[in-house]
Amino acid sequence: MTVLDDIIEGVREDLADRRRARPLEDVRAAAQAAPAPRDAFEALGGGNGGSIAVIAEVKRSSPSKGALADIADPEALAASYERGGAAVISVLTEERRFGGSLADLDSVRAAVGLPVLRKDFTVDEYQIWEARAHGADVVLLIVAALDDEELGSFLALTHQLGMNAIVETHTEEEVRRAVAAGASIIGVNVRNLKTLEIDRDVFGRLAHLIPGGTVVIAESGVRDTDDVAGYAASGAHAVLVGEALVRHEDPATTIGAFRRAGSAAWDAGVAPRG
């Protein structure tokens, strides 16, 4: 069993508990009563290039690093991300490996005016309705965890609800599947979720396969401004950053530095346009 398989097994068990406590019909009603979602595609630049956006993550722990930060006040952390110029706030809601919760999502949603990503392992449409019911504007769809039928139907439901989806890939085949499904925001995760190994060169090998007009996100492996500049130089419109922010005493300043470093790569003409 891979790490991804093990995580998804736990996600399904926890999901079954939530479904018993709150039927899908109730979740749908709450989703339909929620305020209109914010447009993350435009917040991330609409795939036009020329600058770099930061998706800043509220993340307590990870399977690869264990505990990262004791985030007693996710609202305050998210507010600092917004002050620093983040385009989207990502909130981990997976409990077993990442220490997240829907309560964190609720807290962040109430604290910021930016689009909010519910970052979890989506394996059932219930989770998409649930994300919208809790005010999320974006969901994560991991190609490695879904077959083509699931990917297509989950993407369609996301759009039906007025939300965006970040469709996450790690291989050439997964990028082709994401493009074929019609994804408008594609993430390239340089961490292999089956082994947890990081290879930052994966982004450069895959980004050119993604068609123009698509928002391209570099996920994982951001340690400093050099990493951000490197991703931008390979065509990233945005970077998703967790550990480097939650462990920093001044995340707002760090976000500003990341944005400047990435945008400088575009301005220097190093990064491809569009």
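## Enclosed spaces

A cavity is a set of grid points where a 1.4 Å probe fits but cannot get out. This is a predicted model, and a search of the whole structure turns up 2 cavities of 30 Å³ or more. Probing works like this: rolling a probe the size of a water molecule over the atoms shows where empty space is left. The second largest cavity comes in at about 30 Å³. Around that space sit Val58, Lys59, Arg60, Ile71, Leu92, Phe98, Gly99, Gly100 and Asp104. Sorted by class, the lining has 4 nonpolar, 2 polar and 3 charged residues.

The largest cavity has a volume of about 60 Å³. Its walls are made by Val11, Asp14, Arg18, Thr93, Glu94, Glu95, Asp120 and Gln127. Class by class, that is 1 nonpolar, 2 polar and 5 charged residues. Helix α1, covering residues 3–21, contributes the most to this lining, with 3 residues.

## The open pocket

Now for the space that is open. The largest pocket has a volume of about 480 Å³ and a lining of 32 residues. Nearest its centre lie Glu57, Lys59, Arg191, Ser220 and Gly221. The elements giving two or more residues to the lining are β6 (138–142), β10 (238–241) and α11 (243–246). As for chemistry, the lining splits into 15 nonpolar, 6 polar and 11 charged residues.

## Lys59, a charged residue in two linings

Lys59 turns up in the lining of the second largest cavity and also among the residues nearest the centre of the largest pocket. Where does Lys59 sit in the chain? The residue is in the loop between β1 and β2 (61–62). Is Lys59 buried or exposed? Its relative accessibility is 15%, and buried means under 20%, so Lys59 counts as buried.

Leaving aside residues up to four places away in sequence, Lys59 touches Leu68, Ile71, Leu92, Phe98, Gly242 and Val246. Of these, Ile71, Leu92 and Phe98 also line the second largest cavity. There's a long-range link here too: Lys59 and Leu245 are 186 residues apart along the chain, yet their C-alpha atoms are separated by 9.2 Å.

## Two positive phi angles

Most residues other than glycine have a negative phi. Ser220 is not a glycine, but its phi is positive, about 75 degrees. You'll find Ser220 in the loop between β9 (215–219) and α10 (225–233). With a relative accessible area of 18%, Ser220 is buried, and it is one of the residues nearest the centre of the largest pocket.

Leu196 is another non-glycine with a positive phi of about 75 degrees. Its place is in the loop between β8 (185–189) and α9 (201–207).

## Helices with a buried face

In α5 (residues 102–111), the buried residues are Leu102, Asp104, Leu105, Val108 and Arg109. Looking down the helix axis, these residues fall within an arc of 150 degrees, so they line one face of α5. They have plenty to pack against: α1, β1 (53–58), α4 (74–84), β4 (88–92), β5 (116–119) and α6 (125–133). Asp104 from this buried set is also in the lining of the second largest cavity.

Helix α2 (residues 24–33) buries Leu24, Val27 and Ala31. Down the axis of α2, these fall within an arc of 60 degrees, so they too line one face. An α-helix has 3.6 residues a turn, so residues three or four places apart point the same way. The buried residues of α2 pack against α1 and α6, while on the other side Glu25, Gln32 and Ala33 are exposed.

## The nonpolar core and a loop contact

In soluble globular proteins, nonpolar side chains tend to be buried together. Here the largest nonpolar core has 94 residues, and Leu44, Tyr81, Ile89, Phe203 and Ile217 touch the most other members. What does Phe203 touch, not counting residues up to four places away in sequence? The list is Val188, Val190, Val216, Ile217, Ala218, Tyr231, Ser234, Gly235 and Ala236.

Val216, one of those partners, also pairs up in space with Asn48: the two are 168 residues apart in sequence and 9.9 Å apart from C-alpha to C-alpha. Asn48 is in the loop between α3 (40–43) and β1. At a relative accessible area of 56%, Asn48 is exposed.

How values were computed: Residues are numbered from 1 along each chain as its sequence is written. This is a predicted model: local features need pLDDT of at least 70, side-chain atom pairs count only at pLDDT 80 or more; totals for chains, interfaces and linings use all residues. Side-chain values use heavy atoms; hydrogens and water are left out. A nonpolar core is a set of buried Ala, Val, Leu, Ile, Met, Phe, Trp, Tyr and Cys residues joined through side-chain atoms within 4.5 Å. Buried means under 20% relative accessible area, exposed over 50%, partly exposed in between (1.4 Å probe, protein chains only). Contact means heavy atoms within 4.5 Å. On a 1 Å grid over the protein atoms alone, a cavity is a set of points where a 1.4 Å probe fits but cannot get out, and a pocket is an open set with protein on both sides within 12 Å along at least five of seven lines; lining residues have an atom within 4 Å of a point. Grid points are joined across faces, edges and corners, and a volume is the space filled by probe spheres set on the points. Helices (H or I, at least four residues) and strands (E, at least two) are DSSP runs, numbered from the N terminus. Ala, Val, Leu, Ile, Met, Phe, Trp, Tyr, Cys and Pro count as nonpolar, Asp, Glu, Lys and Arg as charged, and the others, Gly among them, as polar. The arc is that of the directions from the helix axis to the C-beta atoms.
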